[in-house]
Amino acid sequence: AVISTGGGSILRSESVDNLKKNGRLYFIDRPLSQLIPTSSRPLASTAEDIEKRFNERYGIYSSAADVRIDAGGSAPMAADKIIKDLYS
């Protein structure tokens, strides 16, 4: 199963610990320039909001992840990288 958590879940060490007990944590690392603001994400509704969260959380995501996936390409390419990691 794949669990896509909210971006803030990584901020709680208990959440990270529980997720790690049940599987691998993947950091789907997308370049800041490719992150698009959307009104459906209250903390990322403007480019400035996204940049602020990116700068605040990048190191946290990196250190919590078991695997960093470069997601500068397409979503299917990122998914393929995860699948290859899972079965290697």
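A residue is buried when its relative accessible area is under 20%, exposed when that area is over 50%, and partly exposed in between (1.4 Å probe, protein chains only). The legends below describe a predicted model, in which local features need pLDDT of at least 70 and side-chain atom pairs count only at pLDDT 80 or more, whereas totals for chains, interfaces and linings use all residues. Residues are numbered from 1 along each chain as its sequence is written, and side-chain values use heavy atoms, with hydrogens and water left out.

**Close-up of strands β1 and β2, which run parallel.** Strand β1 covers residues 26–29, and strand β2 covers residues 67–70. Both are DSSP runs, numbered from the N terminus (strands: E, at least two residues; helices: H or I, at least four). The two strands are joined by 4 bridges, and strands pair if DSSP finds at least two bridges between them. Within this pairing, Tyr26 stands opposite Val67 in β2. The connection from β1 to β2 passes through helix α2 (residues 47–64), and this β-α-β crossover is right-handed; that is, with the strands pointing away from the viewer, the path from the first strand over the helix to the second runs clockwise. Ile28 also has a residue opposite it in β2, namely Ile69.

**Close-up of the side chains on the two faces of β1 and β2.** In a regular strand, side chains alternate between the two faces of the sheet. Strand β1 shows this alternation: Phe27 and Asp29 point to one face and are buried, while Tyr26 and Ile28 point to the other face and are not buried. In strand β2, Val67 and Ile69 form a covered face, and Arg68 and Asp70 form an uncovered one.

**Close-up of the aromatic cluster of Phe27, Phe54, Tyr58 and Tyr61.** Ring pairs link these four residues, Phe27, Phe54, Tyr58 and Tyr61, into the cluster. Rings of Phe, Tyr and Trp (its six-membered ring) pair if their centres lie within 6.5 Å; planes under 30 degrees apart count as stacked, over 60 as edge-to-face and the rest as tilted. By this rule the structure has 3 aromatic pairs. One of them joins Phe27 and Tyr58, whose ring centres are 5.3 Å apart and whose planes meet at 70°, so this pair is edge-to-face. The two partners come from distant parts of the chain, since Phe27 is in strand β1 and Tyr58 in helix α2, 31 residues apart. Phe27 is buried because its relative accessible area is 10%, whereas Tyr58 is partly exposed because its relative accessibility is 29%. Another pair joins Phe27 and Tyr61; with ring centres 5.5 Å apart and planes at 45°, it is therefore tilted. Phe27 lies in strand β1 and Tyr61 in helix α2, so this pair ties together parts that are 34 residues apart in sequence.

**Close-up of the salt bridge between Arg68 and Asp29.** A salt bridge is a side-chain nitrogen of Lys or Arg within 4 Å of a carboxyl oxygen of Asp or Glu, and the whole structure contains 4 of them. In the one between Arg68 and Asp29, the closest N and O atoms are 2.7 Å apart. Arg68 belongs to strand β2 and Asp29 to strand β1, so the contact ties together parts that are 39 residues apart in sequence. Asp29 is buried because its relative accessibility is 6%; Arg68, at 46%, is partly exposed.

**Close-up of the salt bridges of Asp85 with Arg24 and of Arg12 with Glu14.** The closest N and O atoms of Asp85 and Arg24 are 3.1 Å apart. Asp85 lies in helix α3 and Arg24 in the loop between α1 (13–21) and β1, so this pair ties together parts that are 61 residues apart in sequence. With a relative accessible area of 44%, Arg24 is partly exposed. In the salt bridge of Arg12 with Glu14, the closest N and O atoms are 2.8 Å apart. Arg12 is exposed, its relative accessible area being 51%, whereas Glu14 is partly exposed at 40%.

**Close-up of Leu35 in the loop between β1 and α2.** Leu35 is partly exposed because its relative accessibility is 29%. Leu35 and Leu25 are 10 residues apart along the chain, and their C-alpha atoms are separated by 20 Å.
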